[in-house]
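Student: Can you walk me through this one? I'll ask as I go.

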Amino acid sequence: MRVNIGLAQIYPKLGDVKANLAKHLDYIQRADQMGVDLLIFPELSLTGYQVQDLVPEVAIHSNRDDETFRTLLDASQNMDLVFGFVHEDKRQRFYIASAYLSKGEVVHIHHKIYLPTYAMFDEGRYFDHGEQARAFDTRFGRVGMLICEDFWHMSPAYLLWMDGADLMIFSSSSPSRGLDSGDRLSGSRWVELVNQAYGSMFTNYVIHCNRVGYEDGKNFWGGSSVVNPDGDFLTHGLYFDEALITQTIDLNEVHRTRSRLPLLRDERPEMVQRELARILRRNEE
Amino acid sequence: MTTKTQPDIMDRLEINTDIARKMLTGFIRDQIEKVGMKRAVMGLSGGIDSALSAYLSAEALGPENVLVVRMPYKTSSSASLDDAGLVIEALGLPSLDVPITDMADPLIDRFPDMSNLRKGNIMARLRMVTLYDQSVAWGGLVMGTSNKTEFLLGYSTIYGDSGVALQPIADLYKAQVRQLSKAMGIPQPIIDKAPSADLWEGQTDEGELGFTYNDVDQLLFLLVDERYTVDEVVEEGFDRAFVEKVWKRVKANHYKRTMPNIAKLSRRTIGHDFLYLRDWVGR
């Protein structure tokens, strides 16, 4: 089964949901003309990244009563959509969230689990953290979604793999850092290495959409990519500029790779659980 | 005064100049477009820092949108004016000469025993006044020209050369400024000459600071970027007296790199818990 993936590597305008929604609709229309089946936007694509005290102003509820959410639901009739937003629950808790929409329905919402609150990051100050890493079924098979820092930790990706995800969708607002003499920023090198590692070790497709642009002095490096189940890049390396990147993937490749390399078959999650339980028990003592 | 030269640290200070150029020109364009402008104005001293800022600004905005102002005091060397002229000519920049002697001297003459430090600060602040006046007349943001080394050392005048709207090269150490300047084709005499604030005849930064940029770049890279402790850099071979002198300077001058503290009284106070980016509104 072939799927035409679109990566909307956009520059969201900080705090301006209306302008960002218009940009989403523009990319959706362009992607539609290019025959995209699944279009992915970056982390916090509706709001920009460092929203700080704007959080309550830019937050939305994930239902049809919310005009922004409804507009995107309606836009998912022909094309599956993944976008990033500030999700407000019924009790005014705020999450960094990614929604997967298909045929006018919400298929899944992921709340960012790991909120970096160190160095230049301050997410824990504004957001509650997610508690679940759950794969979900789509018309393209079983999918797992993570947001930025979530995939800097290997456990959420591993859990999604065990939960049946053959397609990993990673979105991020990854600031540029670590300029040295290398051909890429050290931050970019790290993320690309990790994405290739997940593809190789999970024999999975790994799709990553990162934003571009600037917020204060921080730049976001883009470089959105698709890694195949052999761990090779099908597309990557378009850094710094806005772009609508498309890449067709062949889901049968997952089966072919796993015939050759049965890492999933041989994985022993029960052993992991047993040993982890022992380790946690010991740590309690 | 000098410490063991550590070529491996100098190697680690090397940058990919293509990426730096892309990110910094993008930053300049972004900052200026966000405030609804398309132009910049900046002082051009004839030194490497302002030359690099001018080259980046010209590439980002188009040379016709970058007004450079030469603001000599009567003691400034004519070689500096000539070097600034090389940049103006090479880039085809609109330029203006506003000598500051007539503005500075009435204040300086009032205090016959005024130190060079005070005079230098007055000059730096009058240049800031001139540039912010041109900012309105020209319709452009005032471009910063400070590098990371001098910003960390506090080798600058608060509300003088630090009084700017954006800082494109303040995360580049002096060695990296030189590297990017070479890559951008800045005239060689400007790259080669000894850095100087040009406040009096024969003044050089390194003479005044008491150490070389190469030594202090390496030290600051370890202390700031790599988070070495003072003891750890001494283990790396740096002279303890040099290290302590530099680190004390960095700490003592932190006030030049931050906004003044606001006394908190209310529930929500500017600078404490009224938290929005500078780019809050824009673009």
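Student: What phi does Gly92(B) take just after α4(B)?

Tutor: Gly92(B), just after α4(B), takes a positive phi of about 65 degrees. Keep in mind that this is a predicted model: local features need pLDDT of at least 70, side-chain atom pairs count only at pLDDT 80 or more, and totals for chains, interfaces and linings use all residues. Residues are numbered from 1 along each chain as its sequence is written, chains are lettered from A and ligands numbered from 1 in the order written, and side-chain values use heavy atoms, with hydrogens and water left out.

Student: How many residues does α4(B) have, and how far does it reach?

Tutor: Helix α4 of chain B covers residues 78–91, so to speak in DSSP terms (helices are H or I runs of at least four residues, strands E runs of at least two, numbered from the N terminus). It has 14 residues and reaches 20 Å from first C-alpha to last. That is close to the 20 Å expected at 1.5 Å a residue, where the expected span is 1.5 Å times one less than the number of residues.

Student: Which residues of α4(B) are buried?

Tutor: Ser80(B), Asp83(B), Ala84(B), Gly85(B), Val87(B), Ile88(B) and Leu91(B). Buried means under 20% relative accessible area, exposed over 50%, partly exposed in between (1.4 Å probe, protein chains only).

Student: And what covers them?

Tutor: The cover includes α3 (48–61), β2 (66–70), β3 (95–97) and α9 (188–192) of chain B. Contact here means heavy atoms within 4.5 Å.

Student: Now the sheet. What is the strand order in chain B?

Tutor: The order is β3-β2-β1-β4, four strands in an open sheet with parallel pairing. Two strands pair if DSSP finds at least two bridges between them. The edge strands are β3 and β4 (140–142) of chain B, each pairing on one side only. The twist averages 25 degrees from one strand to the next.

Student: How many bridges join β1(B) to β4(B)?

Tutor: Three, and the two strands run parallel. Arg39(B) has Gly140(B) as its bridge partner in β4(B).

Student: Where does α3(B) lie?

Tutor: Across β1 and β2 of chain B, at about 170 degrees to β1(B). Axes are lines fitted to C-alpha atoms, for helices over the stretch in contact, and angles run from 0 to 180 degrees between N-to-C directions.

Student: Switching to chain A. Is Ser173(A) buried or exposed?

Tutor: Buried, at 1% relative accessible area. Ser173(A) sits in the loop between β8 (167–172) and α5 (186–202) of chain A. Not counting residues up to four places away in sequence, its contacts include Glu43(A), Tyr49(A) and Phe220(A).

Student: How many salt bridges over all chains?

Tutor: The count comes to 35. The rule: a side-chain nitrogen of Lys or Arg within 4 Å of a carboxyl oxygen of Asp or Glu.

Student: Which residue does Arg139(A) meet in a salt bridge?

Tutor: Asp80(A), at 3.0 Å, N to O. Arg139(A) lies in the loop between β6 and β7 of chain A and Asp80(A) in strand β3 of chain A, so the pair ties together parts 59 residues apart in sequence. Arg139(A) is partly exposed at 34%, while Asp80(A) is buried at 0%.

Student: What about Lys34(B) and Asp30(B): buried or exposed?

Tutor: Both are buried. Their closest N and O atoms are 2.8 Å apart, in a salt bridge. Both lie in helix α2 (residues 17–34) of chain B, four residues apart, about one turn of the helix.
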